[in-house]
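Thanks for coming. I have one structure to go through this morning, and I will start from a hairpin and work inwards. Please have a look at it first.

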Amino acid sequence: MRNESQFYQDKENKQIAKFRELCRNLPKYASAYLQNRELVVKYSTLTAYAYDLQVFFQFFAEQNPVLKNSSIKEIPADFLAELTEEDIMDFQRYLRFHESVDKKVSKNDNKAIARKMAPIRGLFDYMVRKKYISANIAKNVEMPKVKSPKIIKKLSNDGENNEVERLLSGMETILTNPSIPKRQKAFLKKDYFRDNAIIWLLLGTGIRISECEGLDIKDVDFENKSINIKRKGGFYDIVYFNDEVSLKLKNYIDNERKQYLSDNTPEKDKEALFLSRKYRRLSVDAMENLVEKYTLILLGKKFSPHKCRATYGTTLYQKTNDIRLVADVLGHSNINTTAKHYAAQTEENKKRAGNIDFK
């Protein structure tokens, strides 16, 4: 396994600092609950939990007369013991829709509410285990029903409207395409090798955009045609690419990458694979905008990097029918996640069968 890059060290340090800052603004028992999970849950997730708990306590601090003029840090554990299932339902209704004093509207769908309730239920479990309260009333409150789409959205890759082929072939000829204005082509030419490499890499490996952001030059192994990436779960993994992706990466590194480096490039970004014209590591937001820009130009509609990942996963499953392979290549820690989205493609195949003309 490689040594942790400066980019990931700095990123984690910022997450830890933010998490601990949020904990200082919560009641001590709530902070203890979150800190008790530091060794098993990612800091990005813990930070989201801390925000959710902050909203939970702020709701009751504002709505409950018993807590009038109290800061959320001062809310005692005894108060949670007095809450009822109806109180928790009131909080869920608040999450669904509420309007602030300055008329700012906040809305959440079922999926968001269910996610925000996870740390609340976890906190009550913790409080029962520590004997602060006698019962977890949040456990008995019905959670919003979350429906998962059977077919994950992706670029089409077969038939007359093969969007994958149109996008990739379009990238090859975009600088000579007569339908694109000269001024726009002159602008695209400046970053052509970099942008082409990113499009091919995302579609050719199925990596997440955050994994692409974290790549360093040393993570690319041309001899074995592979990249070493840090997965969402915090572990490192090797992902392989084909000859076409290899060529695009080499073209970018050999012809363009040096122009993105300067004396102003931060030390942590000097080894970054993909850089911006601001002489820094290319961010997730910049990559998302990049993918949306080219798909809009070449396909007439915007596609997100996640749809590139979905396209790769779907294609791999259709060609191999091996859901475990798809899970492994995409870096899913739970094969059920993969099956939920990609094995459902069999339903799409059934629909096709129903349209066959046997005459």
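S4 and S5 form a hairpin with 5 residues between them, and glycine 234 in that turn has a positive phi of about 95°. Keep in mind that this is a predicted model. The strands of this hairpin run antiparallel, with 5 bridges joining S4 to S5, residues 236–240. Within that pairing, isoleucine 227 stands opposite valine 239 in S5.

S4 has a second partner. Strand S3, residues 220–221, is joined to S4 by 2 bridges, and these two also run antiparallel. Here valine 220 is the residue opposite isoleucine 227. S3 and S4 make a hairpin too, with 4 residues between them. In its turn, lysine 225 has a positive phi of about 50°.

Now S4 itself. How many of the 5 residues of S4 are buried? The count is 5 of the 5 for residues 226–230, so the strand is largely enclosed by the rest of the structure. In a regular strand, side chains alternate between the two faces of the sheet. In S4, Ser226, Asn228 and Lys230 point one way, while Ile227 and Ile229 point the other way. Both sets are buried, the lysine included.

Next, the core. Nonpolar side chains in soluble globular proteins tend to be buried together. The largest nonpolar core in this model has 43 residues. Ile227 is among those with the most contacts inside it, along with Ile199, Leu201, Ile207, Leu249 and Phe274. At least two residues of this core come from each of H7, H9, H10, S4, H11 and H12. H9 gives the largest share, 8 residues. Apart from this core lies another, of 42 residues, including Phe124, Tyr126, Ile133 and Val141.

What does isoleucine 227 touch, leaving aside residues up to four places away in sequence? The list is Leu201, Ile207, Leu215, Asp219, Val220, Asp237, Ile238, Val239 and Phe241. Both of its cross-strand partners are there: Val220 from S3 and Val239 from S5.

Last, one residue of H9, threonine 205. Is threonine 205 buried or exposed? Its relative accessible area is 0%, so it counts as buried. Its side chain reaches the backbone oxygen of leucine 201 at 2.6 Å. Beyond four places in sequence, threonine 205 touches Val239, Tyr240, Phe241, Tyr312 and Val329. Val239 and Phe241 are also on the contact list of isoleucine 227.

That is where I will stop.

Definitions and conventions: Residues are numbered from 1 along each chain as its sequence is written. This is a predicted model: local features need pLDDT of at least 70, side-chain atom pairs count only at pLDDT 80 or more; totals for chains, interfaces and linings use all residues. Side-chain values use heavy atoms; hydrogens and water are left out. Buried means under 20% relative accessible area, exposed over 50%, partly exposed in between (1.4 Å probe, protein chains only). Two strands pair if DSSP finds at least two bridges between them. A nonpolar core is a set of buried Ala, Val, Leu, Ile, Met, Phe, Trp, Tyr and Cys residues joined through side-chain atoms within 4.5 Å. Contact means heavy atoms within 4.5 Å. A polar contact is a pair of N or O atoms within 3.5 Å; within protein, one must be able to donate a hydrogen and the other to accept it, and residues adjacent in sequence count only if both atoms are side-chain atoms.
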